[in-house]
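Open the model in your viewer and keep the selection tool ready. This tour goes from stop to stop, telling you what to select and what is there.

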Amino acid sequence: MHLFRNDYSEGAAPQIMDAVAACGGEQSVGYTEGDAHCEHARELIREACGCPDAMVEFCIGGTSANVICLSGMLRDWEGAICTRDAHIVVHETGALAACGRTSLPTDDADGFLTPEAAERVYQFQMGTGRHMTRPGAIYITDTTELGGVWSRERFDAICDWAHGHDLGIFLDGARLGSALTAPGNDLTLEHIASQVDAFYIGGTKNGMLMGEAIVICGHGEHAQRLREAFPFLQKERGGLLAKGFLLGAQFEAAFADAGDGSEALYWQLARHANACATRLREGLVEAGFDLYGNSTSNQVFVTVSEAQEARFAEEAGCETFYVLEDGQRVIRFVCSWATATEDVDELLGLVRGLA
């Protein structure tokens, strides 16, 4: 059976592989510095973001992107307010702390950072002056760790709060493609770029071999600090790829004009993954399973028994995220650009047999 463990188990979409293969015999400047592929990719991304003066850089993966950007935005005595399940808190082996920066988690439980919870953390941290880590930025993700998709209203509310407290705003976009093509989404790349200091467009989890495109689009103090620090931090933190043109070639292919009036490949791949997830989500509900959380993206969370968890893990490679108080397990299925409708239907056959 096709495995639904994550959205980066496959190599890359054929169009991306073709773009990389076409670079095989070329000689390009290294380290993303001035090669034709990176420069063209930067132009395409700036155009897509509606931000002609954005600084666009390429990193190998999400952890390095998060660490480099937050390290550059924050001063030594500052931390990033985030949710308690944020990637920088639970899934990066303390990488941010190892680089001398602090995460400041709220009590938000659904993956969305709220102004109310952020305000409580802010007031607590500011309460004793220099004896506490001072909040310097907020960290949010789209999609959230539970696959939730930010609405424009919710997004603007937390950004307005951050602006009102003179905090930097960084958005982790590891699954931004899925978020912006999810059913009911009303956010756009342009609107995100108009509100945050920096964000990244995830490639690793949307059909590329590897790579994230970091967009530094703000003009305030935090963005300016990051613009200056980024080239040095990227090298220092091990996030600079010598054959950087290979990253540029992938994003160049992903955001190139399709030429037939259709949307760019990046959005096509994400939309396909979301459609497969929607089919799976509907089939699980129809079979009598309870969904967990608020995901409308390419991640599907569902509660199952311990016995069902074992079968799903063995047959479909799902991962367990939580064990609830009643003993039920929360497992996750993930669809990708490579998931086919027939794969979903095969899994749903197993679902109906275990219901």
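**Stop 1: two helices side by side**

Select helix α13, residues 306-316, and helix α14, residues 341-354: they pack with their axes 11 Å apart, at an angle of about 160°. Angles over 145 degrees count as roughly antiparallel, so α13 is roughly antiparallel to α14. Their crossing is right-handed.

Now show the side chains. On α13, pick Gln308, Arg311, Phe312, Glu315 and Ala316; they meet Leu347, Leu350, Val351 and Leu354 of α14. Colour this contact by class and you get six nonpolar, one polar and two charged residues.

Keep in mind that this is a predicted model.

**Stop 2: a second helix pair**

Next, select helix α3, residues 62-73, together with α10. Their axes come within 7 Å and cross at roughly 130°. That angle makes α3 and α10 oblique to each other. Here, too, the crossing is right-handed.

Which residues of α3 and α10 make the contact? From α3, select Ile68, Cys69, Ser71, Gly72 and Met73. From α10, add His222, Arg225, Leu226, Ala229, Phe230, Leu233 and Gln234. By class, this contact has seven nonpolar residues, four polar and one charged.

**Stop 3: a cysteine in a loop**

Stay with α10 and look at the loop between β7 (212-216) and α10 (221-236); Cys217 lies there. Is Cys217 buried or exposed? Cys217 has a relative accessible area of 3%. Under 20% counts as buried, so Cys217 is buried.

Show what surrounds Cys217. Beyond its neighbours within four places in sequence, Cys217 is in contact with Cys51, Ala54, Ala193, Val196, Asp197, Phe199 and Arg227. For a distance to try in the viewer, take the C-alpha atoms of Cys217 and Phe251: they are separated by 18 Å, with the two residues 34 apart along the chain.

**Stop 4: the search for disulfides**

A disulfide is a covalent bond between the sulfur atoms of two cysteines. How many disulfides does the structure hold? Zero.

Select Cys49 and Cys51 to see one case. The closest cysteine sulfur to that of Cys49 is in Cys51, 6.8 Å away. A disulfide needs the sulfur atoms within 2.5 Å, so this pair is too far for a bond. Cys49 is buried, at 1% relative accessibility.

Finish at Cys318. Cys318 is in no disulfide either, and its nearest cysteine sulfur, that of Cys335, is 13 Å away. Cys318 is buried as well, with a relative accessible area of 8%.

Notes: Residues numbered from 1 in each chain as written. Predicted model: local features only at pLDDT ≥ 70, side-chain atom pairs only at ≥ 80, totals over all residues. Heavy atoms only, no water. Helix = DSSP H or I, 4+ residues; strand = E, 2+ residues; numbered from the N terminus. Buried < 20%, exposed > 50% of the residue type's maximum accessible area, 1.4 Å probe, protein only. Contact = heavy atoms within 4.5 Å. Axes fitted to C-alpha atoms, helices over the stretch in contact; angles between N-to-C directions. Parallel < 35°, antiparallel > 145°, perpendicular 65-115°, else oblique. Left-handed = near helix turned anticlockwise from the far one by under 90°. Nonpolar A, V, L, I, M, F, W, Y, C, P; charged D, E, K, R; others polar.
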